[in-house]
Every structure is written in C-alpha cells, then in structure tokens.
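Visitor: Could you take me through one part of this model up close? I'd like a single connected tour rather than a list.

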Amino acid sequence: MTYDCIIIGAGPAGVAAAVHMKRTGLNIVLIEKKNIGGLLRNANLIENYLGFPEGISGKRFAGCLRRHLQRLRIPLIREEVTTIRKRKRFIVQTEQRSYSCRHVIIATGTVPKKAGIPGEASLEGKKIFYEISDMPESRTKKTIVVIGGGDVAFDYALQLSERGHMPIIFTKGKIRCLPILRERAKRKGIRYMERCCPKRVRESGKRIEVLCSSGRLMADCMLVATGRKRHYPRIMTASRKGLHFAGAARDRRYRYAHIAAGDALRAAANVIHASLHPPLL
C-alpha cells in the first residue's frame with residue numbers, strides 16, 4: 001500500500017495535520033513511538049490555548065487529541081521511524097517494517113538536552129529523568145532536584161510540589177521563567193538556587209548525592225530541564241520535494257501549541273493541494 005501522506009509524530013502538529021488531511025479524504029497514517037500529545041503531556045496547566053479559558057492540564061489536552069484521532073478513525077502506528085529514503089516514492093523505515101508514501105510530514109518535535117553533569121549518564125532512567133511524564137509516580141514525599149531556570153523547570157517544580165514532593169531548583173545562570181511562574185513558586189515555598197550548577201552527582205544507597213559549590217545535598221532523584229533540541233529521523237535523500245517539516249521539528253524557537261498546529265495545517269494544505277491538483281505532464 002502507498003499512502004498519500006505519512007505523518008511522523010503525534011503531538012499538536014502531527015495531530016492537526018492528520019485531522020485536516022483525513023477530512024479531505026486522503027489516505028494517511030500517523031506514526032508515533034511514544035504517547036499522543038508530545039511535549040504537552042508534561043504541562044501542568046495550558047493557559048494560552050484558545051477554547052480553554054480556565055486552562056487545561058497537559059494530560060487532559062493529550063486525551064482530547066487522542067479522542068479526535070479516534071473519532072475520525074485515523075490509523076496510528078506505534079513504532080519509531082529510523083530513516084526516510086526516496087525512490088519513486090518515499091520509504092519510511094521503522095525498526096519493524098517499511099511504509100511507502102507520496103508525501104511525508106515530519107512533526108517529531110524536540111528531545112531534551114542533557115545537563116552535562118559528571119555521573120549523569122549512569123543514573124539516566126533510574127534516578128535522573130528528563131521529562132516529568134517519565135518519572136514513576138510515588139505517594140511518598142521525595143526531595144527532587146530540578147535542573148534549569150526556564151519555564152519548563154518551574155512548571156515541573158510546581159507540579160512536583162502539588163504532588164506533595166519537595167522540589168529544589170538549581171540553575172547555572174539567572175532565572176529566565178515567566179514572572180507568573182516565579183511568583184507561583186514563591187507562594188508554594190519552592191526553593192531555587194541561582195548560579196549554582198551541580199558539579200557531580202552519584203548514587204548513594206537509594207538516594208543520590210549532589211555536589212555543588214555550596215556544599216552537598218542528598219535527594220531522591222533529579223529532573224533535568226535545561227532545554228531541548230530538534231529531533232527527526234535520518235533523511236537519506238537529496239530530493240526534498242514532498243517532504244515537509246512542521247512544529248518544533250521545523251523551528252524550535254517557538255514551542256507553542258498554536259504555532260505548531262498552524263504550521264502543520266500549512267504543510268497539510270500543501271500536501272492536499274499537491275495530491276488533488278497534481279501538475280500536468
């Protein structure tokens with residue numbers, strides 16, 4: 001089977017493109033290696049998306065996206081795309097199989113950057129995490145070090161506080177988050193340490209030992225929020241005709257759901273136009 005379009009990534013951009021193309025009757029499929037919703041699954045409260053004046057949690061928003069896909073019966077393949085090649089058609093290769101299509105929309109978003117702290121690599125996935133949605137839930141109060149001084153770091157800290165944990169924010173530079181997030185953290189009594197980057201982290205029994213210029217801190221785990229970088233499969237073709245980028249995979253500077261969705265709609269409209277009005281030979 002050759003699809004009209006394969007969309008890679010099921011965040012706001014990928015879902016927006018899929019919904020728009022499905023309604024026009026194109027034969028499409030959505031491929032996502034993790035869960036629907038993308039980075040928004042980590043958000044404590046989305047307050048700037050039109051239609052939700054009281055705000056909506058990231059988990060609820062991801063649920064809305066999932067139901068929209070289900071209502072339109074948009075096929076979803078849970079695999080990771082590794083490479084994209086092109087012959088007469090695009091060949092989208094996953095770890096399991098390959099798929100053929102005329103157009104590809106890459107909406108894979110971003111992946112988190114590492115903190116670069118000595119000892120970090122050996123604790124990844126055990127005591128150090130990069131997205132709050134990947135952290136195991138616990139009803140026991142924990143001391144959690146949050147690395148980063150931007151919006152995401154403070155949003156994570158607020159979520160951890162609401163879950164009954166004790167977050168402590170460390171940032172190597174000045175705090176860069178929105179004033180409203182800093183004020184909320186202040187009201188919650190969340191501690192933050194400016195210009196204090198951990199120099200080393202290591203496992204100590206069931207906890208971790210974090211060494212920094214001000215001394216030693218014992219914590220239960222660490223959550224890193226030091227920025228993100230674009231991520232997409234390996235592209236093994238010189239011809240980019242029919243290949244489209246959308247959302248943060250196209251431009252990581254503006255990580256807003258509205259921008260991602262609008263960007264994806266433009267890409268989807270281009271696919272629809274090319275599919276329904278092919279050039280005359």
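Guide: Let's start with one strand and its partners, then move on to a pocket and a core. Keep in mind that this is a predicted model.

The strand to look at is β9, residues 143–147. Is it covered or out in the open? Mostly covered: five of its five residues are buried. In a regular strand, side chains alternate between the two faces of the sheet. Here T143, V145 and I147 point one way from β9, while I144 and V146 point the other way. Both sets are buried, with buried meaning under 20% relative accessible area.

Now for the neighbours. β9 pairs with β10, residues 166–171, in the parallel sense, and five bridges join the two. If you want a spot to click on, try T143, whose bridge partner in β10 is M166. Between these two strands, have a look at helix α3, residues 151–162: β9, α3 and β10 make a right-handed β-α-β unit. β9 also pairs with β15, residues 221–224, again in the parallel sense, over four bridges. There you'll find V145 standing opposite M222 of β15.

Next, some empty space. Rolling a probe the size of a water molecule over the atoms shows where such space is left. The second largest pocket holds about 350 Å³. It is lined by 14 residues, and R89, R102, H103, K241 and A274 are the closest to its centre. Strand β6 (98–106) and helix α5 (257–276) each supply at least two residues of that lining, and β6 has the largest share, with three. As for chemistry, the lining of this pocket splits into six charged, five nonpolar and three polar residues.

From the pocket we can go on to the largest nonpolar core. It has 33 residues, and I7, M21, I28 and I105 touch the most other members. Elements giving two or more residues to this core are β1 (2–8), α1 (12–23), β2 (28–31), α2 (58–71) and α5. The largest share, eight residues, comes from α5, the helix that also supplies at least two residues to the lining of the second largest pocket.

One last stop is A13, which lies in helix α1. Why call A13 buried? Because its relative accessible area is 6%, and the cut-off for buried is under 20%. Along the chain, A13 and T110 are 97 residues apart, yet their C-alpha atoms are separated by 12 Å.

Key:
Residues numbered from 1 in each chain as written. Predicted model: local features only at pLDDT ≥ 70, side-chain atom pairs only at ≥ 80, totals over all residues. Heavy atoms only, no water. Buried < 20%, exposed > 50% of the residue type's maximum accessible area, 1.4 Å probe, protein only. Pairing = 2+ DSSP bridges. Right-handed = clockwise from strand over helix to strand, strands pointing away. 1 Å grid on protein atoms, 1.4 Å probe; cavity = no way out; pocket = protein on both sides within 12 Å on 5 of 7 lines; lining within 4 Å. Points joined across faces, edges and corners; volume = space filled by probe spheres on them. Nonpolar A, V, L, I, M, F, W, Y, C, P; charged D, E, K, R; others polar. Core = buried A, V, L, I, M, F, W, Y, C linked by side-chain atoms within 4.5 Å.
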